[in-house]
Every structure is written in C-alpha cells, then in structure tokens.
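Here are a few exercises to work through with the coordinates open beside you. Try each task before reading its solution.

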Amino acid sequence: MGIVGNTVRSARFRRSRWVLTAILCVYLVYTLIPIFYVVTASTKTNADLFGTFGLWFSDDFHLRENLVDLFTIQDGIFLRWLGNTFFYALTSAIGAAFFALLAGYAFAKYDFAGKRLLFALVLGAVMIPQTALVIPLYLLFSKVGLLNTPLAVILPSLVFPPGVFLMRVYVEEAVSDEIIDAGRVDGAGELHILSGLTFRLLMPGLATVFILAFVAAWNNYFLPLVVMSTSDQFPVTVGLAIWYASATTGSGGNLLFTVVMAGSLVSILPVILAFLIMQRFWQGGLSAGSVKA
Amino acid sequence: MAVITLSGVTKSFGSVSIIKGVDLSIGDGEFVIFVGPSGSGKSTLLRLIAGLEETSGGHILIDGTDVTDRGPAERALSMVFQSYALYPTKTVRQNMSFGLEVARLPRAEIDRRVDAAAAILKLEPYMARKPRALSGGQRQRVAIGRAIVREPVAFLFDEPLSNLDAALRVDMRVEIAKLHRRLAATMVYVTHDQVEAMTLADKIVVLDGGVIQQVGSPMELYERPANLFVAQFIGSPKMNVLPASADGRAIIVPGGKVRLAAPPPAMIAHLGARPENIVVTPPGQGDIDGRVDVVERLGSDTFAYVAVPDAGVLTVRIVGNDVGIAIDQPVGLAFDTQRLHLFDTRGQAVPAAAA
C-alpha cells in the first residue's frame, strides 16, 4: 500500500518517502539531543560538566555519587517532591479522565438544550493557556484558604478540555447507538449502560486522556510555583527549578548542577514508565463483532 | 402476549414531522410488518413502540395500558436491532442473560431461560464465545436469543436480516417464521424488503411519508391495493401503470383501447396491470402495440420489457423460458380485463366495474 495514486515502486513514491524520512529524522534528533544531554550530564562531576564535551560521557563516571547526593541533600527532600508530583499527577489524571469520560459521553450520545453552546465553550477552553488562569486561581484559592494545599494543584488539573473533546470523538466512533438502545430495552439504567456495556470499549480513549492529563500534571510548573509556598508541598518541577537557581548563584553550598541534572533524569523516568504501562490499552478492534461494520 | 394499539401517534424532530398521525391496532399473536421506502417513518414508528423515542402526540397502549410515558424496559418488549447490537465484551451467554440480571431474576431461572433459548436457536456450542468470534448468522441468532429470554409481551424487529447475505437471509426468514409459530407471540417487524413482508406477515402496514397508506394481509394488498403507491410498492416486478380515461365500454390508453364487459367508472385516470396479467400477442392483435426493449430470462420466468410509445416501458411476465421473443421485435400486448386496477386522478383505487 502506498499513497493513493502512487505505487511503492514508483520514483515519485520513493522520492517523497526519502523527504519525509529526512524531515522525521531531523525532528527525532531535535527531540533526543536534550534528553541525551541530560543523560550524559548526570554522569559527570561538576568540573567535568563544564570541562568536557557536552554530548558525550567523561572518563570519570559519577552517576552513582550524583544519585546519592540527589536523594540525601536537604534530608532527602527530593524523594518528597517526587512523591508529591506522583500524587498530584495521578489524582489529576484519574479525575480528569473521569470527568472527560462523563462529559464526552454526554456530548456524544445525548441531546440536551444548549449542547452546541456548551461544546463551543469546551473548544474555546482548549485555546486558553493554563498560565493565564494562574493569577485568578491564586486569588480564588486564597479566598477559600486552599493555598499551599494539594487541592490547589489538583482541582485546576481536573478541568481538562482537550480530554473532553477527545472522549467525545472517541465515544462517537466506538459506541454504536444501537448498543445503548439494546441496553435500555434490557432495562439497564444509563450509568449501568456506561459502566457495564460500553466502558471497556472506551479504554483506549480513556488511556489516551489519562496519559495526556498525567503528563500535563507531571510537567506542571507555573501553577504549583504560585500556589505552593513551603518546600514540602513542591512538586519536582518547582523543587528542581529552585535548586537550579541556588546552583546558579552558588548559594546552595553543595548544591551542584550535576545534582539538578540527575534529578531531571530521575523525574522523566516515571513518565516513560507510564507510557509503557498504558500502551497495552491502545489496541483496536475491541468492539469487533458487536455490530456489522 | 399482547395487543398493541396506536392512536393518533405523531413524531417530529424539531420542525420536521416524521410520523403524521398513525392509528393502528396490532392483535395478540399477530405478525405485523411495516414496509415503506427510506424515510417513510417505519423505523421511527417501531422505536416509538419500543419507547426508544418519545412521541410528540397521541397514545400507545399495550394490552389496554397506556405506556406512552413509560421507558423501554417498563414496556416488557424485546427488540432485535439491524446491527444486532450485541454487547462486544460479553460472551454469548452473558449477552443473553444481561437483561435478566438487570431484572434481578434468580440465577436458576436465568440459566433455565438462557439454556432453553440456546436450544431453540442451536447456539449451545457458542455460549462461551464473544460476538467477534461468531459468523453473521450466529450473531443474528444471539440477538434473537437475547430477545426470547426476556419472555416479552411482544417482539420488535428492526430490519433484522438486512445485514445478512442473500442465502442466509432466506434461512433466517424461515427460522423467524418458525419462531413465530412456536412462540405464538406478537411480532412487529420493519423491513424494506417486500419479499420478507409478503412471506412473513399476517398483516402488512404500508407507510409512506409518515402516513399509513394501507393495512391488510399480503394478498389483500397484492390483489386490492388502495392506491397507486401501494400498487407499485407491493409486487415484484412492480405493477405497470398507464395514463387512462374512460370511453363508453372501453378504457383509452396511449396507443389503443382496452375493451371491457361493463362500462368503467368515469373518473379513472390511471390503469394498472401486473406483469403476469399482460399477454404478448402478434402485433395488432392485442390492446396496444410496442417493441421489445430487453428480455430477462430467469429460467422459471421470462420478463419482457416492452416499450410502448407515450406509455413508457411495460413489464410482461411470461412463464417458462422458451418464449420466442427477441429484442426489437414488434409485439402486441393484451390485458387480462378481469385483473385490471383502476385509479382516479388522486391515485386512489376505483372499483373495476359497476357490475
């Protein structure tokens, strides 16, 4: 199979394939170089970090010492940050996926007054960067006394408009109206139909929303920076940024850039792990056999 | 088993009126089929009976109880869907037992009913399979099994055979007819296939434009269609219709006259003749003349399409295949005057003769 109108062997197909492959390779290198830099930098001593070539390892392999430093500096606060991030990201992602499922399902399968307007609002909300909402959120949380609590980070992350949009599209494709009607004739309530008959058909879509929300919450920096004030509530992003600032000014005593780099490396591993775990949900054909295609 | 009564039922989606006032009574144990072209409202009418759509007006009664405002499950009906709509993540057994579990029947009763339905439908070897591991015909049987186990007061079928291939469709048609005899249940069935309608129905309801055109037994509709629409919708190939007018003891049609024993009603505007009620004669010896356009030989029958000036192409059915008719041959056509259908200017049927 080739691009329609081109056979695999045609000169045109091969030319366009080369061009596309080249473009993708440039993009791949662009993405991998910073990650590779993090990997090499976290294996070096602070002196080697500035004294050797950035994109290769130095002779003095210092990764173990950097990791020990990372988890012991300031009474091992890094582990606390990692735990915070994990907690914020997991609860946010579960909640965001849950609400996206309910909202997307309703948009896809029910008719109600104001549906078009509400969906337009959801699409509009996709366009608003979260950063723009941070100051109003700060004022709001300060009124209700939620500043410097986990809810200040989690609650805003539950609102995930792209997830609602994705789930609507996914539900429309994956769940036929007749299955819902069949459930109704069988006497099942709407929530029972969703949980008992259609939920498992929606796992790939739900897994996608979950991972997107998880990564967004994992990487969230500006919101926790503003609403969290004590070090024990920080997520990894904010903690590392503060360490980095200390290292830059040299005021942190033994805080070194290499420790910040090792922290960055450790903080991306769970996200990679999450992708690998969620991968098994991305399988097609779950609804095969239910309805005639 | 149930009597279903519709009175003045209407349905609109927004400003679009789909069902424009339907009155219908479906008797206990009757097999009633809704037929009509796409957009005639036949599926919508079935969904209204099922409770999957809310009526815009009128009432639906089941055994004398007004169920207009009740949900689908409370109506104690079963429905078989066009796409089968099996639950993809459940096994055949779970598909069939789901509705009973929702109704909180005792386990033993659920198993008894599911096993009985499986035996009727010969599904026993497949009970542990998921729908995706079944063939189209097996899926269809599971969908019917799911309907049977509920022991409903009536069965609703929404074009259940339209996704099957031709051979399987004939088999399933026979199975559904047997099932109806065995269960003696009220069945309401929607199809656009008039062969299904003719072979299965006790009573056919012909719909067009959201209005019932005629209700009757298959042979009533075939022999005495109430209007031009029913005349041309029921029967395959469809009835030939020519513009006509009365003239003494004859009917004038393009290119000739049809002589009758008694004077026809004066108000006739159309003459209908089924393909089997026209005989091919040598040119000049029939009522009208034409030229053979196409010949289709099916073995048991031959269809000749004869072009008649100003009247279009008439279909003639000739029994057998050794008919000695060639394309472009001029022929005469004689009508069986005992079996003519006459219609007035509004397309309503007119009794053939005062006699």
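For the charge count below, Lys and Arg are taken as positive and Asp and Glu as negative, while His and the chain ends are left out. Please keep in mind that this is a predicted model.

**Exercise 1. Charges and overall build**

Task: Find how many positive and negative side chains chain B has, and how far apart the centres of the two sets lie.

Solution. Start with the count: chain B carries 37 positive and 38 negative side chains. Next, take the centre of each set; the two centres lie 6 Å apart. For scale, the C-alpha atoms of chain B fill a box of roughly 75 × 45 × 35 Å along the principal axes. Then turn to the surface: about 15,100 Å² of chain B is accessible, and 50% of that belongs to carbon and sulfur atoms. Finally, of the 355 residues in chain B, 52% are buried.

**Exercise 2. The open sheet**

Task: Work out the strand order of the open sheet of 6 strands in chain B, and say which strands stand at its edges.

Solution. Reading across the sheet in chain B gives β6-β7-β8-β3-β9-β10, with mixed pairing. At the edges stand β6 (77-80) and β10 (211-216) of chain B; each has a single partner strand, so one side of each is left without a neighbour in the sheet. From one strand to the next, the twist averages 20°.

Now look inside the sheet. Strands β3 (residues 31-35) and β8 (residues 186-191) of chain B pair in the parallel sense over 5 bridges. Within this pair, B:Ile33 stands opposite B:Tyr189 in β8(B).

Two helices complete the picture. Helix α1 (residues 42-50) of chain B packs on the sheet and touches β3, β6, β7 (154-158), β8 and β9 (203-208) of chain B. The direction of α1 makes about 150° with that of β7(B). Helix α4 (residues 136-149) of chain B also packs on the sheet, touching β6 and β7 of chain B; the direction of α4 makes about 175° with that of β6(B).

**Exercise 3. A histidine in a loop**

Task: Locate B:His192, classify its accessibility and list its contacts beyond four places in sequence.

Solution. First, B:His192 sits in the loop between β8 and α6 (194-200) of chain B. Second, its relative accessibility is 48%; because partly exposed covers the range between 20% and 50%, B:His192 belongs in that class. Third, leaving out residues up to four places away in sequence, B:His192 touches B:Gly36, B:Lys42, B:Glu159 and B:Ser162. Last, check one of these contacts: B:His192 and B:Ser162 are 30 residues apart in sequence, and their C-alpha atoms are 8.8 Å apart in space.

Notes. Residues numbered from 1 in each chain as written. Chains lettered and ligands numbered in written order. Predicted model: local features only at pLDDT ≥ 70, side-chain atom pairs only at ≥ 80, totals over all residues. Heavy atoms only, no water. Pairing = 2+ DSSP bridges. Helix = DSSP H or I, 4+ residues; strand = E, 2+ residues; numbered from the N terminus. Axes fitted to C-alpha atoms, helices over the stretch in contact; angles between N-to-C directions. Contact = heavy atoms within 4.5 Å. Buried < 20%, exposed > 50% of the residue type's maximum accessible area, 1.4 Å probe, protein only. Areas by Shrake-Rupley, 256 points an atom, 1.4 Å probe, with all protein chains shown as cover. Charge placed at Lys NZ, Arg CZ, Asp CG, Glu CD.
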